[in-house]
Amino acid sequence: MSSSIWQKSSYSASSNECVEVRVGVEAVELRESDAPSVLVRMSRAAFVDLLDAIKVGDLDHHA
């Protein structure tokens with residue numbers, strides 16, 4: 001996945017406190033901008049499920 005470009009939310013502005021994402025052919029990877037060596041890798045389907053859970057608030061109790 002080294003050819004993919006890391007992207008961060010435009011809401012992050014110039015802050016280095018964000019989650020970055022890159023999408024490859026086989027997987028989607030997430031990392032914290034201040035700890036770039038720690039990666040979470042998941043399938044595209046799992047990433048869609050994660051985004052859906054975030055959007056509907058299913059993970060708010062973890063905050």
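**Exercise 1.** In this predicted model, decide whether Glu 29 counts as buried or exposed.

*Solution.* Start with the location: Glu 29 belongs to strand 3. Next, take the relative accessibility of Glu 29, which is 0%. The cut-off for buried is under 20%. Glu 29 therefore counts as buried.

**Exercise 2.** Find which side chains make polar contacts with the side chain of Glu 29.

*Solution.* One partner is Arg 22, with a side-chain polar contact of 2.7 Å to Glu 29. Another is Arg 41, whose side chain makes a polar contact of 2.2 Å with that of Glu 29. For the backbone of the second pair, the C-alpha atoms of Glu 29 and Arg 41 are 4.4 Å apart, while twelve residues separate the two along the chain.

**Exercise 3.** Describe how strand 3 and strand 4 are arranged.

*Solution.* Take the ranges first: strand 3 covers residues 28-32 and strand 4 covers residues 35-42. The two run antiparallel and are joined by five bridges. One of the bridge pairs is Glu 32 with Ala 35 of strand 4. Two residues lie between the strands, and the unit they form is a hairpin.

**Exercise 4.** Place the hairpin in the whole protein chain.

*Solution.* Count the elements: there are four strands and one helix. Their order along the sequence is β-β-β-β-α. Then turn to burial: of the 63 residues, 25% are buried. The accessible surface of the protein chain is about 4800 Å², and carbon and sulfur atoms contribute 54% of it. Finally, among contacts with a separation of 6 or more, 10% are between residues 24 or more positions apart.

How values were computed:
Residues numbered from 1 in each chain as written. Predicted model: local features only at pLDDT ≥ 70, side-chain atom pairs only at ≥ 80, totals over all residues. Heavy atoms only, no water. Buried < 20%, exposed > 50% of the residue type's maximum accessible area, 1.4 Å probe, protein only. Contact = heavy atoms within 4.5 Å. Areas by Shrake-Rupley, 256 points an atom, 1.4 Å probe, with all protein chains shown as cover. Pairing = 2+ DSSP bridges. Polar contact = N/O pair within 3.5 Å; in protein donor to acceptor, adjacent residues only side chain to side chain.
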